[in-house]
Amino acid sequence: MFFLLVTIPADAKWSQNGVTIAGGNGVGGATNQLNYPYGLFVDDNQTVVITDCGNNRIVQWKNGDTTNGQVVAGGNGQGNGLDQLYNPTDILIDKETDSLIICDEGNDRVVRWSRLSGTTQGEILIDNINCYGLAMDDQRYLYVSDWENDEVRRYQLGEMNGTLVAGGNGQGDGLNQLNGETYMSVDGQQNVYISDFRNNRIMKWNNGAKEGIVVAGGQGQGITLAQLNHPQGLFVDTLSTLYVADTSNHRVMRWTQGATQGTVFVGGNGLGAGANQFSYPTGLSFDRYGNLYVVDCGNNRVQQFSIE
C-alpha cells in the first residue's frame, strides 16, 4: 500500500452493495476477465491496477471503463524473463517515476515497470526475496513482507539488502514474531501495520520497535467481532483507523484506534457472488475521496463501495 493521506470521517458509512468495476465475467484470461486477482492500487484518477495472479499479469482498468482492462505488465506467460511475471501478489504506483512496483512472488523478486506506453519489460529492484506485500511511505522507502522468513524489510529504492523493521525472529505468535505476513500499510510516522495471516491478527510495529502490538484480532481464528480469520488487505487512515479484508470470513472490518473489537462495514453476508457478498476478499484500497475498492478473489472481480 502506497502512503496515501485519506481522511475518512469517524462516522463514515459506505453503500452495502458493491459495483463491479473490473472483471466479474468468470475466471479467464480475456481483457474483461481476471484469474485469482490479489492486490490492487488506485491512483489519483481512480484508475485501478490489479495483480491478476493466475494470468501472470498486471491489468489496469480506467475509471468509467468497466468493460475491458489493459495489460500493463507481464501477460507473456508464466516465467522469469524481464517481460514476464509469475504469480504477482501486490502492486503500488511510484508517482515520482510514474512506474509500477510489483511483488513478483513466484519469481522471488520485486520488479519495476514504467507506465509509459510501449514498455515491454521491467527491471529487478530486489532479488531473492519471497515477497507477498508492498508498501511505501511518504519518504519513498519501500516496505516488503518476506513470507518465507516471516519478516518485513524497509528499502531505499536501489538498495538490495534493506533494514529489518518487523519480525525476523522465526515463525511464531510471539509479539516479536510473525507467521505468514501478507499485506501492509504504513502511517506518516513510519509505523508499519501488518496482516499476520496465520496468527489471525493485525500487528503494529512502531518505527524502531523490537516487537509489535496487536491492534486487531489476536483472539484466535473465528467470526466474532473480536476475531479475524486469515486477514489480508489492510489500510490505515489519518485517524489510525484500520480497514481489514477478513478473508476467510468474507467481510471487510473497521477497527478504530484502541478498540477491542471491530465492526463489519461491508460484506459479512456469507460466501457468495451477490453485490453485498464476497468470496475470499484479498486486497483493498481507497481512492482519495474515501471510496473503497476490494479485490473479491474467489469471484474474480473488483468491487467498489461508494462512501455515502
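Reader: Why is glutamate 123 called partly exposed?

Author: In this predicted model, glutamate 123 has a relative accessibility of 40%. Buried means under 20% and exposed means over 50%, so a value in between is called partly exposed.

Reader: What makes the pair of arginine 112 and glutamate 123 a salt bridge?

Author: The N to O separation of their side chains is 3.0 Å. The cut-off is within 4 Å, for a side-chain nitrogen of Lys or Arg and a carboxyl oxygen of Asp or Glu, so the pair qualifies. The pair links distant parts of the chain: arginine 112 is in strand β8 (residues 109-114) and glutamate 123 in strand β9 (residues 123-127), eleven residues apart.

Reader: Why does arginine 112 count as buried or exposed?

Author: Arginine 112 counts as buried, because its relative accessibility is 18% and the limit for buried is under 20%.

Reader: How do you know that aspartate 94 and arginine 140 form a salt bridge?

Author: Their side chains meet at 2.6 Å, N to O, and the definition asks for within 4 Å. Aspartate 94 lies in strand β6 (residues 88-94), while arginine 140 lies in the loop between β10 (131-136) and β11 (142-146), 46 residues apart.

Reader: Which terms describe the accessibility of aspartate 94 and of arginine 140, and why?

Author: Aspartate 94 is at 1% relative accessibility and therefore counts as buried. Arginine 140 is at 27% and therefore counts as partly exposed. The boundaries are under 20% for buried and over 50% for exposed.

Reader: How many salt bridges does a search of the whole structure find?

Author: The search finds eleven. Among them is the one between aspartate 296 and arginine 301, with the closest N and O atoms 2.7 Å apart; aspartate 296 and arginine 301 are both buried. Asp43, Asp98 and Arg115 are linked in a network of salt bridges.

Reader: What makes lysine 13 exposed?

Author: Its relative accessibility is 54%, and exposed means over 50%, so lysine 13 counts as exposed. Lysine 13 is in the segment before β1 (19-23). Not counting residues up to four places away in sequence, lysine 13 touches Ser306, Ile307 and Glu308.

Reader: Why is methionine 160 partly exposed, and what does it form with Leu82 and Ile124?

Author: Methionine 160 has a relative accessible area of 42%, in between the limits of 20% and 50%, so it is partly exposed. Methionine 160 lies in the loop between β12 (151-155) and β13 (163-167). Leu82, Ile124 and Met160 form a nonpolar patch on the surface, with about 230 Å² of accessible area together.

Note on methods
Residues are numbered from 1 along each chain as its sequence is written. This is a predicted model: local features need pLDDT of at least 70, side-chain atom pairs count only at pLDDT 80 or more; totals for chains, interfaces and linings use all residues. Side-chain values use heavy atoms; hydrogens and water are left out. Patches are made of residues with over 30% relative accessible area and no salt bridge: like charges are joined within 9 Å, nonpolar side chains (Val, Leu, Ile, Met, Phe, Trp, Tyr) within 5 Å. Accessible areas come from the Shrake-Rupley method with a 1.4 Å probe; for residues, only the protein chains shown count as cover. Helices (H or I, at least four residues) and strands (E, at least two) are DSSP runs, numbered from the N terminus. Buried means under 20% relative accessible area, exposed over 50%, partly exposed in between (1.4 Å probe, protein chains only). Contact means heavy atoms within 4.5 Å.
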